Amino acid sequence: MQHYPVMCEQVLSYLAVRADGCYLDATCGLGGHTRAIAERLTSGRVIACDRDAESLEIAARNLEPWSDRIILRQALFSELEKLLAELDVAGVNGLVADLGPSYYQLTNPERGFSLYASAAPLDMRMGRSQPLTAADLVNRLSEDELADLFYRLAGERRARKLARALVRARPVRTMGELARIVESAAPRGKGRLHPATRVALALRMAVNRELEELEALLEALPRLLAPGGRAVMVAFHSTEDTIVKHRFRDLARRGVVRLLSKHVVRPQAQEVRENPPSRSARLRAVERI
Ligand SMILES: C[S@@+](CC[C@H](N)C(=O)[O-])C[C@H]1O[C@@H](n2cnc3c(N)ncnc32)[C@H](O)[C@@H]1O
């Protein structure tokens, strides 16, 4: 599979990688950014983490030629501070977080993220050891709880109607069933999006506690970075990007970091042409003071 680490040139330029530095890739995935950083190191190292053991196995194979300078670990954002303490690292010179699921996870039908893989289980866990799946939420939450989740996490305006349709159709076991139930309750309009896109996004965010994890990462950021250390975050939807923007501004106001990107940085037109999923990427960067 062709693999394009998103906005790689900008990520590297904001990180300003030092050959002897210590870096943390909080979202290793299949190892695209980790590799780009590792290639620039001599005595330095990259601690490359992901919550998904399966992705880390593939990353280990992809990163074999640079394995002398890479430490791979399964870890959540909320576990990174503890991990650095275990590795005896007081703070890193740079951290990258490329948020959300990877293209590999999204397009692997077994992982149950895609509305177009109709037989796929309603799963959506980024790490398969997580106990809760999207099916658990759809089949166990009350109608009000589901409606609240669809509205709050994805701004779905027909949240109540869709929650009612799903509750009536329980049990819902596959992505195909979810897609059909939502489509019959709220038929496809003129837009390009599948009518269940927002419902699926909300379920994914809830299953993986994506906003809670992002908040935990941002809260720990000042302690994860060494003085002068840089953090580069790439978000893929406005809810995440707004959280990053506000937290970075707040840290800058308190004199904890300096903003490296005054405004959001978007991918170049050429990258979007070559790798269309990069079109929604939004990058922001700070430096620890
Ligand atoms: C967009 S992909 C990263 C792709 C990677 N930069 C590359 O070039 O291959 C995001 C990765 O972050 C992981 N991830 C998302 N949220 C996480 C969290 N809270 N803790 C740890 N890993 C997370 C996902 O499992 C996924 O593999």
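**Cores, domains and helix packing in a predicted model**

In this predicted model, the largest nonpolar core holds 73 residues, and I47, L80, L95, F150, L166, L178 and L203 are the members that touch the most others in it. Both domain 1 (8-100 + 210-288) and domain 2 (114-207) give residues to this core, so it lies between them. In soluble globular proteins, nonpolar side chains tend to be buried together.

L95 can be taken as a single case. Leaving aside residues up to four places away in sequence, L95 touches L15, L24, L217, L221, L224, L225, R230, A231 and V232. Another core, of 28 residues, lies apart from the largest one; I37, W66, V96 and L283 are among its residues.

The division of the protein chain into domain 1 and domain 2 can also be described by distance and contact. The C-alpha centres of the two domains are 30 Å apart. Nine residues from domain 1 and nine residues from domain 2 make the contact.

Next comes helix α10 (residues 197-207), which is mostly covered, with eight of its 11 residues buried. The buried residues of α10 are V199, A200, A202, L203, R204, M205, A206 and V207. L203 of this set is also one of the residues that touch the most other members of the largest core. The elements covering the buried part of α10 include α6 (134-140), α7 (143-154), α8 (159-168), α9 (175-185) and α11. Just after α10, R209 has a positive phi of about 45°.

Two of the covering helices, α7 and α8, pack with their axes 8 Å apart and at an angle of about 135°. The two helices are therefore oblique to each other, and α7 passes α8 in a right-handed crossing. On the α7 side, the contact is made by E143, D144, L146, A147, F150 and Y151; on the α8 side, by A159, R160, L162, A163, R164, L166 and V167. F150 and L166 appear again here, both named among the residues with the most contacts to other members of the largest core.

Helix α11 (residues 210-224) packs in turn against helix α12 (residues 238-253), at an angle of about 20° and with the axes 11 Å apart. That angle makes α11 roughly parallel to α12. The crossing of α11 past α12 is right-handed. From α11, the contact takes E210, L211, L214, E215, L218, E219, L221 and P222, and from α12 it takes T239, E240, I243, V244, R247, F248 and L251. L221 of α11 is also one of the residues touched by L95.

Methods. Residues numbered from 1 in each chain as written. Predicted model: local features only at pLDDT ≥ 70, side-chain atom pairs only at ≥ 80, totals over all residues. Heavy atoms only, no water. Core = buried A, V, L, I, M, F, W, Y, C linked by side-chain atoms within 4.5 Å. Buried < 20%, exposed > 50% of the residue type's maximum accessible area, 1.4 Å probe, protein only. Domains from an automatic or database assignment. Contact = heavy atoms within 4.5 Å. Axes fitted to C-alpha atoms, helices over the stretch in contact; angles between N-to-C directions. Helix = DSSP H or I, 4+ residues; strand = E, 2+ residues; numbered from the N terminus. Parallel < 35°, antiparallel > 145°, perpendicular 65-115°, else oblique. Left-handed = near helix turned anticlockwise from the far one by under 90°.
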